[in-house]
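Here is a set of questions about how the labels on a model are earned. Each answer sets a value against its cut-off.

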Amino acid sequence: MKAIVLPLLFALSFSAQVFAEDAEDKVYELEFETDSNWSSIEIRDDAVFVNAPAGSSMGLSAKDGLRAYTISPKKIYLRSKTRGLVNMNVFVKSPNNVLGLTICKGSPSSYSWIKSDQSKQKNDLKEKDNCEQAALVLNLF
């Protein structure tokens, strides 16, 4: 009886461990660029912004410097000193490979885009609130 029960228990615990590893959220790197004097990125679903994983680093550069930069698990806000190019890379932890975002920018004549390995979203709408809801398809492979 022990000869049957022990291998069965081992197989069940191994499959539960594999399932738990598959259920973990993946971390994706995103690139963001804007020429607006302020911009924000907000996550609409169950994903969150996280610190860079081991071996990676977060980067932020602004042509004329930044006045404000805040990051929370659901939102990033950038305000630069002047209207000029701002680049950054951020990391998102998500259980899905589609990420719902709201991207806002300071003026209708500026642009903001965000991309992952597989896709790119560009916000250049001429709307009063200067915000766009976007769905970003993350690294599919």
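Q: What makes up the area of about 8500 Å² that the chain exposes?
A: Carbon and sulfur atoms supply 56% of it. The model is a predicted one.

Q: How many of the 141 residues count as buried?
A: The share is 33%. To be in it, a residue must have under 20% relative accessible area.

Q: What elements does the chain have, and in which order do they run?
A: There are 1 helix and 11 strands. From the N terminus the order is α-β-β-β-β-β-β-β-β-β-β-β.

Q: Why is E42 called partly exposed?
A: Its relative accessibility is 35%. Buried means under 20% and exposed means over 50%. The value lies in between, so E42 counts as partly exposed.

Q: Where is E42, and which residues does E42 touch beyond four places away in sequence?
A: E42 sits in strand β2, residues 38-43. Its contacts are K74, K75, G100, L101 and T102. A contact needs heavy atoms within 4.5 Å. As for I76, 34 residues separate it from E42 in sequence, yet the C-alpha atoms are 6.5 Å apart.

Q: Why is L60 called partly exposed?
A: The relative accessible area of L60 is 36%. Partly exposed is the class between under 20% and over 50%, so the label fits L60.

Q: What makes L60 eligible for a nonpolar surface patch?
A: Patch residues need over 30% relative accessible area. L60, in strand β4 (residues 59-62), has 36%. M58, L60, Y69 and I71 together make a patch of about 310 Å².

Q: How do you know that β5 and β6 pair?
A: Pairing takes at least two bridges. Strand β5 (residues 66-71) and strand β6 (residues 75-80) have 5, and they run antiparallel. A68 has R79 in β6 as its bridge partner. With 3 residues between them, the two strands form a hairpin.

Q: Which residues have the most contacts inside the largest nonpolar core?
A: They are F32, I43, F49, V92, L99, L101 and I114, in a core of 16 residues. β1 (26-34), β2, β6, β7 (86-94) and β8 (98-105) each supply at least two core residues. β7 gives the most, with 4.

Q: What does F32 touch beyond four places away in sequence?
A: Its contacts include I41, L78, V86, M88, I103, W113 and I114. S39, N87 and S112 are also touched by F32.

Q: How much of the contacts with a separation of 6 or more comes from residues 24 or more positions apart?
A: Such residues account for 67% of them.

Terms used
Residues are numbered from 1 along each chain as its sequence is written. This is a predicted model: local features need pLDDT of at least 70, side-chain atom pairs count only at pLDDT 80 or more; totals for chains, interfaces and linings use all residues. Side-chain values use heavy atoms; hydrogens and water are left out. Buried means under 20% relative accessible area, exposed over 50%, partly exposed in between (1.4 Å probe, protein chains only). Patches are made of residues with over 30% relative accessible area and no salt bridge: like charges are joined within 9 Å, nonpolar side chains (Val, Leu, Ile, Met, Phe, Trp, Tyr) within 5 Å. Accessible areas come from the Shrake-Rupley method with a 1.4 Å probe; for residues, only the protein chains shown count as cover. A salt bridge is a side-chain nitrogen of Lys or Arg within 4 Å of a carboxyl oxygen of Asp or Glu. A nonpolar core is a set of buried Ala, Val, Leu, Ile, Met, Phe, Trp, Tyr and Cys residues joined through side-chain atoms within 4.5 Å.
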